[in-house]
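Let's look at a model together and ask how the words used for it are earned. Take a moment with the picture, then follow the questions.

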Amino acid sequence: MISVRNLSMGHGKTTLLRDASFDVERGDIFVVLGGSGCGKSTLLRHLIGLETPLAGEIRIAGVGAPRLEGAAPRYGVMFQSGALFSSMTVGENVAFALQEWTHLPVDAVGAIVRAKLTLVGLEGAESKLPAELSGGMRKRAAIARAMAFEPNLIFLDEPSAGLDPVSAVELDELILALNRNLGLTVVMVTHELESIFKVGKHCIMLDRESRSIIARGNPEQLRRESDDPRVRRFFNRETSVPQWQ
Amino acid sequence: MTDGEILDRPSMVFDERLSLVVGMLQRFTWQQTAIDDTSARIELGGSITIDDAAALWKRISETLVHVEGLRKIEVALGRVQMIDGACMALLVQFRTDLRARSVVCEFSGGSEEVGRIVHLYGGRKKVGRTRAKRRPRSAIEQVGTATLAVFGEAKQILDFMGRLVASTWHVLRHPKSLNLRDVGLTMERAGADAAPIVLLINFLIGFVMAYQSAAQLKQFGASIYVADLVGVSMTRELGPLMMAIIICGRTGAAFAAELGTMKVSEEVDALRTLGFLPLPFLVIPRMLGLILVAPILVLMADAVGILGGALVASLTLDITTTSFLIQLQSAVKASDIVSGMIKGVVFCAAIALISCQQGLATSGGAEGVGRRTTSAVVSILFTLILLDALFTVFLGLFGI
């Protein structure tokens, strides 16, 4: 689905990742892991096409290099805060791309919007403004918007960050359901361990110090078998906060 | 801290509280003894909490002044009953400052509870190298950096202008991609909603200008020329300029803040992922809306400014409205009104350009939005005056 070859990325003079290569298979739930500041979200922005790599190549099946503007969306994106357009209702947010890129009549768009909102468990919330929704609902609405154009690939930036445990689990289940039932390929950035083990099929772990991918594979397997101390530290929640013994 | 201690606090008399705050009263003990010529021991005792922080800091500052000749200081916490985080932070800072003066400082002793706080605040860690102070920058360097920053900003605005021209070409080729909803919204918010304040301010400007000049003109028996003065200056200069200043404050700031907030909340990125180009979708409709309302607002500004002048003329100079209008007709040419309208359009285009550029260049949260909004308004005001000067020179050259 996605193939990344020799990717180097960074801002200005700082390089965050050097010479990284990996593949995402069709139907996978692919998780990008790593501590704060290691460039997880930046990597996602590169995969989406919001940033240009310093070197290397990213190819998405059926799209080529990630391209965004000037054409109907080829993949869905959910941002960390949801990034719903605050001046529009939830329904208008979901309908937005459909109205622009299709010639569907208004009532057909309305039907699709309602179906997408029901899919994410937000039936009846069409006429609400994003400010009236809770954090979890906003993220689900953002997923509905990302799903509006029937993509077969979706990018999620920290879906469960800042959510209460129940909403986080609900969101994880939604991601699993979409993956199982629609065959949706999911690429997500997260550092919530529960979520990683629950939904992640494959993962890569980025490291700030070495600016490279330090582990790849199934999250459960990595937790059990990795002998890299950095990977073990991440999966076993070892911290650097002073502890009193 | 136990509940008992919390409950005790309100009973503290005001004088005692005040003394604690200014560091006069000290509830803990601080005993410094010399071990030998180069080392000393500070024995702390009692309960040291945030209320004692001022007194503790005073002690620390006094001690730091008199450390010459010392190589080592031991801070003994054995008799401390309790210490809170704030005071521990001060002690850790004391140790860092001593280190900077080449004095080794160590914490020793303390109950388990005290030990926890010491550990949590890094008191058991070895002191690393103290961070090198940032080199102060000379005035010349600061002026140089600021000048380069101005050029950098100007370059960014020019770059944005180039991209905007390319986007306009895109919109001309694909008229459907124009966000008409925002054009209408901008016209309503920046035009219709701004009309009352534009009318009021320009009426007062015309009124004041006529009033100020009336006394001077009367001395020469040239009262009737108040119509020329008000008419020409309102249509050519003040009408468009005052309108632009109001639009800058109302709409320019709003554009910068709105787009800035959209940028920092990733709405602009979301727009891109849905296939929309930010410039045709966000900037061009706003610019178009402003450009469309500009001539109307200028005409309204001219009219009420002249009305203000006419009112003064009839009230204080005994010039009838009819003679004022006849004089006005001979003084103000169509080219004056048209050049004022063109000015207004150019001013509004500049307002939209700079405010949208600044908005989309925002980074770093709420503070970034505030900074960009301020800088948008300042840049616009400067640009307006600069454009006005350029207009005056060029129109003068062509004799318009």
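Q: Which residues of β3(A) point one way, and which point the other way?
A: This is a predicted model, and in it Ile29(A), Val31(A) and Leu33(A) point one way from β3(A), while Phe30(A) and Val32(A) point the other way. In a regular strand the side chains alternate between the two faces of the sheet.

Q: What makes strand β3 (residues 29–33) of chain A "mostly covered"?
A: A residue is called buried if 20 or more other C-beta atoms lie within 10 Å of its own. In β3(A), 5 of its 5 residues are buried, so the strand earns the description by that cut-off.

Q: How do you know that β3(A) pairs with strand β7 (residues 185–189) of chain A?
A: Pairing needs at least two bridges. β3(A) and β7(A) are joined by 4 bridges, so they count as paired, and they run parallel. In this pairing Phe30(A) stands opposite Val187(A).

Q: What joins β3(A) to strand β8 (residues 202–207) of chain A?
A: There are 4 bridges here too, in the parallel sense. Val32(A) stands opposite Ile204(A) in β8(A).

Q: How many residues does each chain bring to the contact between chains A and B?
A: Chain A gives 19 residues and chain B gives 15. On the side of chain A, the largest share comes from helix α2 (residues 90–101) of chain A, with 4 residues. By class, that side of chain A has 15 nonpolar, 2 polar and 2 charged residues.

Now for chain B.

Q: Why are β1 (29–34) and β4 (104–108) of chain B called edge strands?
A: Each of them pairs on one side only. They belong to an open sheet of 4 strands in the order β1-β2-β3-β4 (chain B), with mixed pairing. Neighbouring strands of this sheet are turned by 20 degrees against each other on average, direction ignored.

Q: What makes β1(B) and strand β2 (residues 39–48) of chain B a pair?
A: The cut-off is at least two bridges, and these strands have 6, in the antiparallel sense, so they qualify. Ala34(B) stands opposite Ala40(B) in β2(B).

Q: Which strands does helix α5 (residues 112–120) of chain B touch as it packs on the sheet?
A: The helix touches β3 (72–83) and β4 of chain B. Its direction makes about 125 degrees with that of β3(B).

Q: At what angle do helix α8 (residues 195–219) and helix α9 (residues 226–264) of chain B pack?
A: The angle is about 145 degrees, with the axes 10 Å apart. α8(B) passes α9(B) in a right-handed crossing. The residues making the contact include Ile201(B) and Met209(B) of α8(B), and Leu229(B) and Met242(B) of α9(B). By class, the contact has 16 nonpolar, 5 polar and no charged residues.

Q: How do you know whether chain B matches a compact globule or departs from one?
A: Compare the radius of gyration with the rule: a compact globule of 400 residues would have a value near 21 Å, but chain B has 35 Å. Chain B therefore departs from the globule rule. Its C-alpha trace spans about 100 × 60 × 50 Å along the principal axes.

Q: What share of chain B is buried, and what secondary structure does the chain hold?
A: Buried residues make up 36% of its 400 residues. The secondary structure comes to 14 helices and 4 strands.

Notes. Residues numbered from 1 in each chain as written. Chains lettered and ligands numbered in written order. Predicted model: local features only at pLDDT ≥ 70, side-chain atom pairs only at ≥ 80, totals over all residues. Axes fitted to C-alpha atoms, helices over the stretch in contact; angles between N-to-C directions. Helix = DSSP H or I, 4+ residues; strand = E, 2+ residues; numbered from the N terminus. Left-handed = near helix turned anticlockwise from the far one by under 90°. Contact = placed C-beta atoms within 7 Å. Nonpolar A, V, L, I, M, F, W, Y, C, P; charged D, E, K, R; others polar. Rg over C-alpha atoms; globule rule 2.2 N^0.38 Å. Buried ≥ 20, exposed ≤ 12 C-beta atoms within 10 Å, placed from the backbone.
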